[in-house]
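Subject: Structure handover

Hello,

Here is the structure I said I would pass on. My notes on it follow below.

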Amino acid sequence: MDQLPAVPLFAACPRRDLRAIAMLGTELEMTAGGVLTTEGEPGSEFFLVRAGTARCVRNGRRVATFGPGDFFGETALL
């Protein structure tokens with residue numbers, strides 16, 4: 001929950017709402033090379049990196065690397 005206020009989508013939410021949002025989440029522990037989401041597939045999840053890194057690969061090329069505090073998939077929430 002401590003990282004949620006840094007996400008622009010949640011920045012204006014009161015602490016009570018942030019707690020409720022955090023309770024909806026599921027913590028995942030991924031192994032190196034694991035796939036969180038696939039290009040071209042409909043998204044239904046928001047990801048917030050708490051530790052380690054996640055890579056974004058498009059057409060076989062890395063286009064971004066996400067680290068602790070970074071997030072992606074927010075459009076899927078809308």
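To start with the charges: the protein carries 8 positive and 9 negative charges, and the mean positions of the two sets are 5 Å apart. Please keep in mind throughout that this is a predicted model.

Overall layout

The protein has 2 helices and 4 strands. Read from the N terminus, their order is α-β-β-β-β-α. Along the principal axes, the C-alpha atoms fill a box of roughly 40 × 25 × 20 Å.

Surface and contacts

The chain has 78 residues, and 15% of them count as buried. The accessible surface of the protein is about 6,200 Å², with 52% of that area belonging to carbon and sulfur atoms. As for contacts between residues at least 6 apart in sequence, 35% of them join residues at least 24 apart.

Aromatic pairs

Most of what I looked at in detail concerns the aromatic rings. A pair of such rings is described by the distance of the centres and the angle of the planes. The count for this protein is 4 aromatic pairs.

One of them is F46 with F71, a tilted pair with 5.9 Å from centre to centre and 40° between the planes. F46 sits in the loop between α1 (15-24) and β1 (47-48), while F71 belongs to strand β4 (residues 71-72), so this pair ties together parts that are 25 residues apart in sequence. Is F71 buried or exposed, or something in between? Its relative accessibility is 22%, so F71 counts as partly exposed; the cut-off for buried is under 20%.

Another pair is F47 with F72, which is stacked: the centres are 5.0 Å apart and the planes are at 25°. This pair also links distant parts of the chain, with F47 in strand β1 and F72 in strand β4, 25 residues apart. Both partners fall under the 20% cut-off: F47 is buried because its relative accessible area is 11%, and F72 is buried because its relative accessible area is 15%.

Which residues form a cluster with F46 and F71? F10 joins them, and F10, F46 and F71 form one aromatic cluster.

In short, when you open the model, two places to look at are the tilted pair of F46 and F71 and the stacked pair of F47 and F72. In each pair, the partners are 25 residues apart in the chain.

Regards

Methods: Residues numbered from 1 in each chain as written. Predicted model: local features only at pLDDT ≥ 70, side-chain atom pairs only at ≥ 80, totals over all residues. Heavy atoms only, no water. Buried < 20%, exposed > 50% of the residue type's maximum accessible area, 1.4 Å probe, protein only. Contact = heavy atoms within 4.5 Å. Areas by Shrake-Rupley, 256 points an atom, 1.4 Å probe, with all protein chains shown as cover. Lys, Arg positive; Asp, Glu negative; His and termini not counted. Charge placed at Lys NZ, Arg CZ, Asp CG, Glu CD. Phe/Tyr/Trp six-rings, centres within 6.5 Å; stacked < 30°, edge-to-face > 60°.
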